[in-house]
Amino acid sequence: MSSRIFIDTIKEFLKKISGVRWYLIYNIDENKVTIKSPIMSEDKISDLIEISKASKLLIEKTGRVALISSTKEPLVNTIYVKLNGEGVEIEKLESNILLIGIDEKLLNTLSEIFASARRGELIKCNICGKEIHFETYTCPRCGRVVPFIAETCLFCRYDLRYKKCPGHGDVIDYRGRIVKRQYGVILITALISGAILFFTGFVSTIYREYGILLYSLGGLITALLITIGVLSSKPRVL
Ligand SMILES: [Zn+2]
Ligand SMILES: [Zn+2]
C-alpha cells in the first residue's frame, strides 16, 4: 500500500469516528499540512504545526516514546498531551505526524490501531480478506461510530465482539476471525421442547380436567428451553 493511499484511508477513518474533534496531519517530506476541523484559529494551527515538528524530534530522538496514559498502559510511540485541557494524541506514521484532538476514551484503541499499522500488521477478514483495520462501526446501542476492531463500544461498553464483515456480510469477530453459531444446541433444545409438548399434549387427553394447566406448563418449559438454546448458541470464534 502506497503511503498516499494509506494516509487517505486514515483521514477517512478519523472523519467518521465519534470523539475525534479535529486532526492535523503534517507531512515532513513535503512540509504540507492537512487539517480537518470545524473551527480552528490561525494561531492554533501554527501552534499545532510547531508541536508536530517538536513531536517529530521527540519521537525520532528517543526512538521509543512510552508515555503513561490514564489507564496506566504504556503507549509506545504514542504521545498524549493536554492542550488547554483538550486531549491530543500524537502519532508518527511514515513521514506524517498526526495530531488528533480526541475524547480520551479513544486513546488506547486508536494508539493500538496506529501501533500495529506502523508494524505493517493490518487486520483483515479471515474469510474474504477485506481489510477491516480502518473500518468503522456504528454502535447499535448509543449510535456512536467506533473503530470496527473495537471489542466493546468505547462510549457505552456495549459488546461489539461479533459483527458483520463489511466485505462479505457474514458475522466475524472484532479481529476478523471466523465465528460460528452453535446450531447443535438450538436443535437439541428444540427436540426436547417438542418431546415435552407432545408428552403434555398426550397426558392432557387422559386427564382432560387438567388440559389447560398441562398445555401451559408444556408451553412454559418450551419457551424456557428455546431461550436457553438461543442464548447458549451465541457465535464463537472457531
Ligand atoms: Zn469478510
Ligand atoms: Zn455504544
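Student: How far apart do the end C-alpha atoms of residues 212-231 lie, and what is the make-up of that span?

Tutor: In this predicted model, those end atoms lie 28 Å apart, and the span is 100% helix and 0% strand. UniProt, in an unreviewed entry, lists residues 212-231 under "transmembrane region", along with 183-206.

Student: What makes the site of the zinc ion (ligand 2) tetrahedral?

Tutor: Four donors earn that word if all angles lie between 85 and 135 degrees. Here the angles among the four donor atoms are 105 to 116 degrees, so the site is tetrahedral. For reference, the ideal value for four tetrahedral donors is 109.5 degrees.

Student: Which residues are the protein donors of the zinc ion (ligand 2)?

Tutor: The SG atoms of Cys139, Cys142, Cys153 and Cys156, lying 2.3 Å from the ion. The cut-off for a donor is 2.8 Å, so these sulfur atoms qualify.

Student: Why is the pair of tyrosine 137 and phenylalanine 148 called edge-to-face?

Tutor: Planes over 60 degrees apart get that name. The angle in this pair is 85 degrees, with 6.0 Å centre to centre, so edge-to-face is the right label.

Student: Is tyrosine 137 buried or partly exposed?

Tutor: Buried needs under 20% relative accessible area, and exposed over 50%. Tyrosine 137 has 24%, so it counts as partly exposed. Phenylalanine 148, at 1%, counts as buried.

Student: How do you know that the charged end of lysine 163 sits over the ring of phenylalanine 148?

Tutor: The distance limit is 6 Å from the ring centre, with a further limit of 35 degrees from the ring normal. Lysine 163 is listed as sitting over that ring, 4.9 Å from its centre. Lysine 163 also lies over the face of tyrosine 137, at 5.5 Å from the ring centre.

Methods: Residues numbered from 1 in each chain as written. Chains lettered and ligands numbered in written order. Predicted model: local features only at pLDDT ≥ 70, side-chain atom pairs only at ≥ 80, totals over all residues. Heavy atoms only, no water. Donors = N, O, S within 2.8 Å, 3.2 Å for Na, K, Ca; no water. Tetrahedral: all angles 85-135°; square planar, octahedral: opposite > 155°, others 65-115°. UniProt positions renumbered as here; feature names shortened; annotations may be inferred. Helix = DSSP H or I, 4+ residues; strand = E, 2+ residues; numbered from the N terminus. Phe/Tyr/Trp six-rings, centres within 6.5 Å; stacked < 30°, edge-to-face > 60°. Buried < 20%, exposed > 50% of the residue type's maximum accessible area, 1.4 Å probe, protein only.
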